[in-house]
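Visitor: I am new to this structure, and I would like a close look at a single part of it. Could you take one helix and its surroundings, and go through them with care?

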Amino acid sequence: MKSTLDKFFYPKSIAVVGATEKSEKIGYAVLRNLLAGGFKGAVYPVNPKYNTVLKQKCYARLKDLPEAPDVAVFTVPAALTPGLMKDCKQARVECAIVLSAGFNESGAEGEELFRELRRQAAANGVRLIGPNCLGLVTPAIGLNATFAPTMPPAGRVAFISQSGALGAAVLDWAADKKVGFSHFVSIGSTADIDFDHLIDYFGSDSRTACILIYMESLSNARRFMSAARAFARSKPIVVLKAGASVQG
């Protein structure tokens, strides 16, 4: 798992599936942030509707890229995303971030889409962060693979947020107050990669001295506690658990 998460947090190349020239769209914001944040790796817009996006050559499909990107960021509608996992296999993409909403947070139809996304990802050898998430940030390498407009400075705290909205607010606050993070990741609905994977990873990460978690729900308490116990003595793990009620 470490080598997989290294690809997520220290990629050499990223594809943005659903990149667009429409400034109100998530695909525009993610591509803009990757190009403007100081990330030195290759960035590939993917959208059959464009020849170029933000002055970058745009490719129709993942399989058309000149190399296999370390990460594909999906900003297309939820209904299209499960089928695109097959494109990942053809393009030898092993890591994907699914920002799209409209999955298990949106009723029975979305729940079925969520299950299909998990099935297709597993069948095509793709590890997922998300769906319905904000993305991730590694300030030390200028990586902002989110649609949030600001990036905090580099620091020693790894922040895992289940809520994209709260994550975006904290990133804005941190940038304003000059509070640094080693990494930020929004995990959304956790179709695949969950708290325990990330605690294991950040627990062994030399850039990280403390792990901060904003948690809305916990699907596997046993795995979470096992991971937390392994590292809590050497690195503080601070968890804020939101209430389960509407008010919470």
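Guide: Just after helix α5, K178 takes a positive phi of about 60 degrees, a positive value in a residue other than glycine. The model is a predicted one, and in it K178 belongs to the loop that runs between α5 and β11. K178 counts as exposed, because its relative accessible area is 64%, where exposed means over 50%.

From that loop we can step back into the helix itself. Helix α5 covers residues 164-177, which makes 14 residues, and from its first C-alpha to its last it reaches 20 Å, close to the 20 Å expected at 1.5 Å a residue. At the start of α5, the backbone nitrogen of A165 has a side-chain oxygen of S163 within 3.4 Å.

Which residues of α5 are buried? They are G167, L171, A174 and A175. Seen down the axis of α5, these buried residues fall within an arc of 95 degrees, so they line one face of the helix. A general point about helices helps here: an α-helix has 3.6 residues a turn, so residues three or four places apart point the same way. On the face of α5 that is turned away from the buried side, the exposed residues are A165, D176 and K177. As for what lies against the buried residues of α5, they pack against three strands, namely β8 (135-138), β10 (154-161) and β11 (181-186).

Two of these strands lead on to further loops. The loop between β7 and β8 holds P131, and a cis peptide bond, with omega about 5 degrees, joins G130 to P131. The loop between β11 and α6 is the place of T190, which has a positive phi of about 50 degrees although T190 is not a glycine. T190 counts as buried, because its relative accessibility is 13% and buried means under 20%; K178, by contrast, is exposed at 64%.

Beyond that loop, helix α6 (residues 195-203) has a partner in helix α1 (residues 2-9): their axes come within 10 Å and cross at roughly 85 degrees. That makes α1 roughly perpendicular to α6. Where these two helices meet, K2, L5, D6 and F9 stand on the side of α1, and H197, L198, Y201 and F202 on the side of α6.

For a second pair of helices, we can turn to α3 (residues 81-90) and α4 (residues 108-123), whose axes come within 8 Å and cross at roughly 10 degrees. That makes α3 roughly parallel to α4. In this pair, T81, P82, M85, K86 and K89 of α3 meet L113, E116, L117, Q120, A121 and A123 of α4.

Helix α3 can be read in the way we read α5. Its buried residues are T81, P82, L84, M85, D87 and C88, and they pack against β1 (13-17), β5 (71-74), β6 (95-98), α4 and β7 (127-129). One of them, D87, has a relative accessible area of 5%, and, leaving aside its neighbours within four places in sequence, D87 is in contact with R61 and L62. Just after α3, R92 takes a positive phi of about 60 degrees, and this recalls K178, where we began, with its positive phi of about 60 degrees just after α5.

Terms used: Residues numbered from 1 in each chain as written. Predicted model: local features only at pLDDT ≥ 70, side-chain atom pairs only at ≥ 80, totals over all residues. Heavy atoms only, no water. Helix = DSSP H or I, 4+ residues; strand = E, 2+ residues; numbered from the N terminus. Expected span 1.5 Å × (residues − 1). Buried < 20%, exposed > 50% of the residue type's maximum accessible area, 1.4 Å probe, protein only. Arc of directions from axis to C-beta. Contact = heavy atoms within 4.5 Å. Polar contact = N/O pair within 3.5 Å; in protein donor to acceptor, adjacent residues only side chain to side chain. Axes fitted to C-alpha atoms, helices over the stretch in contact; angles between N-to-C directions. Parallel < 35°, antiparallel > 145°, perpendicular 65-115°, else oblique.
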